[in-house]
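Please review the model below before using its coordinates. The notes that follow are grouped by topic.

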Amino acid sequence: CFCKTSNILGIEWLEQSAKEQKVLDPNDFLLLSDREAEKTYNFKLSDSLKNGSIARADRGGVLGGWYVYICSGVAGNKAPSAKELKLIVEAAGATMLYSLAEKNVIDPAKSIIITSDPATKSQVKERGVDRVTSMGGHICTTSWLFQTMITQSLADVSDDKNMGHRSKRKAESKSPPSTGKRKSARRR
């Protein structure tokens, strides 16, 4: 719900509305903190609500302007079903990619490839993953996705140390600058 509204209600609203047999003012029942969940998942609900409000206003959601591809084997494997993942991603403002074919990837640098946590070899080797990441696309884990949803904060996806990301462009940009001298790989 964070992706769509900051008006998160506690169960008390439903119970009291049923008891009084009328819909009560939801403002009196807004859930502004959840200490147990905050401790378990390392976030602050009030910050998430504020972040979500800003993200919705600025770009249509925390993943607004991004394209998301879910690798094979992610859905249902310690993660929601494919249908639920699609709903989560789209509620967050992203556009789902069902393939990494060239014709489908509009902006590789704004593409996030979601893998299991940890990523499997087959997920990283799926068709299109190398091509998209070599053009700036990002590999992120389901843990990153869920942390992004719960905090409503898009961590810097180009930061390789951040939540299981990997981007080949980033890794290549860290290589030492060329000296201008090039050695041939072939023997003469």
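The briefing covers confidence, cysteines and one helix.

This is a predicted model, in which local features need pLDDT of at least 70 and side-chain atom pairs count only at pLDDT 80 or more, while totals for chains, interfaces and linings use all residues. Residues are numbered from 1 along each chain as its sequence is written, and side-chain values use heavy atoms, with hydrogens and water left out.

**Confidence**
- The protein has a mean pLDDT of 82, where pLDDT is the predictor's confidence in each residue, from 0 to 100.
- A pLDDT of 70 or more is reached by 81% of the residues.
- Residues 160-165 stay under 50 in pLDDT, and the model gives them 22 contacts beyond four places in sequence (contact: heavy atoms within 4.5 Å).
- Residues 168-188 are also below 50, with 12 contacts beyond near neighbours in sequence.
- Where pLDDT is low, the predicted coordinates should not be read in detail.

**Cysteines**
- The count of disulfides is 0, a disulfide being a pair of cysteine sulfur atoms within 2.5 Å.
- Cys-71 is buried at a relative accessible area of 3%, and Cys-140 is buried at 0% (buried: under 20% relative accessible area, with a 1.4 Å probe and protein chains only).

**Helix H7**
- H7 spans residues 142-151, and 7 of its 10 residues are buried (helices are DSSP runs of H or I, at least four residues; strands are runs of E, at least two; both are numbered from the N terminus).
- Among the buried residues of H7 are Trp-144, Leu-145, Met-149 and Ile-150.
- The buried residues of H7 pack against helices H2 (35-41), H3 (45-59) and H4 (82-91), and against strands S3 (111-115) and S4 (138-141).
- Gln-152, just after H7, has a positive phi of about 55°.

Terms used:
Buried < 20%, exposed > 50% of the residue type's maximum accessible area, 1.4 Å probe, protein only.
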